[in-house]
Amino acid sequence: MKQIIPDGPRIEALRLGLESNATQKELAYAVRVSERKLRQIENESAPISVATMDLLAKNLGVHREQITVRQSALQLVAADGETVFDTILADLRKDRLVPRFDYDLANVTMDEGILFKEASHVHDFVCEIMVPLNEETGEYAEELIAILTSLTWSERSSLDRPTSVEEIALRRRIRQLMVLLRGNDIWIYHTHLFRTLPERHTLPPEDEPSEMRSRFIIALAPPGEYGETSVRVPVDHGQPFVLKGW
C-alpha cells in the first residue's frame, strides 16, 4: 500500500484550531486511527496511507497537499546509492505493456465548443456515468449523449459537416444542458484516445492488419471534493500495446 509522509507539526497546529475534534482522542476517532498512531503522526511525521491522509485533510478542512511533506526526488537516496530520480529515469527507459482496458484522466469543462468540436472529429463517442441520475437529470444526460453521438463519424460522414445555423443551435442546446446538469452538481469531464482495431485481449501478431479509430469520452461525475478538476475514467484501447521506453 502506498504511504506518504504527513507534516506532523502542521497537522497538530490545525487540530488545535478546530472547534470540534480538537483533542487527539477525538481526531483519532474521526480518522479511524489509534491515539498512539496520531501522536506518531504529529510528533514523528510517521508515514500513513493515502486513505488516512484524505480523512485527516477532510477533518482539518484543508487539501491533502497542505499537510504532506514535500521532498525533492533528487534528495531521496535508495539503498543501492542511486537517487530516486535515477530509479524513475531507469523505469521510464523500459518498454511498458499497456493493457486493453486502462484508465485515463478526464478534465472538467463548461465549454460547449470543446464538446461540439471533439464529437465532430471522432469515429465514436462513449459516456461514463459516475453519479446517480434522477428522472430530471437523466433526461438532460440522455439528450446530451444523443446530440454528441449524432455528431460523430459513426452517425454521419466526416465530410457531412453541420451548417453554421445547425452548429449554433446544437451548441446552444449543449450549453443549456451543461448548465442544467451543473446546477444539479453533475460536472462534465472529457478526454479522447485512439483505439487500435480489431479488438483483442492479447498482443497482436506483427503481421496482423490494424486500423486506428478515435474515440471521444465524457464522464458525468460529481464536483471534486477538494477542488479537483479531473477524474479517472476507464478506457478501452481496442487491444493491448507496447509503449516504448525513452
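Leaving aside neighbours within four places in sequence, which residues is H237 in contact with? The legends below begin with the answer.

**View 1. H237 and its surroundings in the predicted model.** Outside its neighbours within four places in sequence, H237 is in contact with V98, P99, R100, D102, L193, R195 and T196; contact means heavy atoms within 4.5 Å. H237 lies in the loop between β8 and β9 (241-243). With a relative accessible area of 13%, H237 is buried. Buried means under 20% relative accessible area, exposed over 50%, and partly exposed in between, with a 1.4 Å probe and protein chains only. This is a predicted model, in which local features need pLDDT of at least 70 and side-chain atom pairs count only at pLDDT 80 or more, while totals for chains, interfaces and linings use all residues. Residues are numbered from 1 along each chain as its sequence is written, and side-chain values use heavy atoms, with hydrogens and water left out.

**View 2. T196 in strand β6.** Strand β6 (residues 187-197) includes T196. Helices (H or I, at least four residues) and strands (E, at least two) are DSSP runs, numbered from the N terminus. T196 has a relative accessible area of 16% and is therefore buried. Not counting residues up to four places away in sequence, T196 touches S210, E211, M212, H237, G238 and Q239. The strand as a whole is mostly covered, with nine of its 11 residues buried.

**View 3. The five-stranded open sheet.** The strand order is β5-β7-β6-β4-β8, and the pairing is mixed. β5 (124-129) and β8 (230-236) are at the edges with a single partner strand each, so one side of each has no neighbour in the sheet. From one strand to the next, the twist averages 30 degrees. Two strands pair if DSSP finds at least two bridges between them.

**View 4. Strand pairs within the sheet.** Strand β6 and strand β7 (residues 211-221) run antiparallel and are joined by 11 bridges. Strand β4 (residues 101-108) also pairs with β6 in the antiparallel sense, over two bridges. Y189 in β6 is the bridge partner of V108, and A219 in β7 is the bridge partner of Y189. β5 pairs with β7 in the parallel sense over six bridges. E128 stands opposite A219 in β7.

**View 5. Helix α7 against helix α8.** The axes of α7 (residues 135-151) and α8 (residues 164-182) come within 10 Å and cross at roughly 150 degrees. Axes are lines fitted to C-alpha atoms, for helices over the stretch in contact, and angles run from 0 to 180 degrees between N-to-C directions. The crossing of α7 and α8 is left-handed. A crossing is left-handed if the near helix is turned anticlockwise from the far one by less than a right angle, and right-handed if clockwise. T137, Y140, A141, E143, L144, I147, L148 and L151 in α7 meet L170, R173, I174, L177, L180 and L181 in α8. By class, this contact has 11 nonpolar, one polar and two charged residues. Ala, Val, Leu, Ile, Met, Phe, Trp, Tyr, Cys and Pro count as nonpolar, Asp, Glu, Lys and Arg as charged, and the others, Gly among them, as polar.

**View 6. Helix α6 against helix α8.** Helix α6 (residues 112-120) packs on α8 at an angle of about 125 degrees, with the axes 9 Å apart. α6 and α8 are therefore oblique to each other. Angles under 35 degrees count as roughly parallel, over 145 as roughly antiparallel, 65 to 115 as roughly perpendicular and the rest as oblique. The crossing of α6 and α8 is right-handed. From α6, E112, G113, L115 and F116 meet E167, L170, R171, I174, R175 and M178 of α8. The classes in this contact are five nonpolar, one polar and four charged residues.

**View 7. Helix α4 and its buried residues.** In α4 (residues 50-60), T52, M53, L55, L56, A57 and L60 are buried. These residues pack against β1 (3-4), α1 (8-16), α2 (24-30), α3 (35-44) and β2 (48-49). G61, just after α4, takes a positive phi of about 75 degrees.

**View 8. K94 in a loop.** K94 lies between α5 (84-92) and β3 (96-98). Its relative accessibility is 54%, so K94 counts as exposed. K94 touches L243 and G245, not counting residues up to four places away in sequence. K94 and Q239 are 145 residues apart in sequence and 20 Å apart in space, C-alpha to C-alpha.
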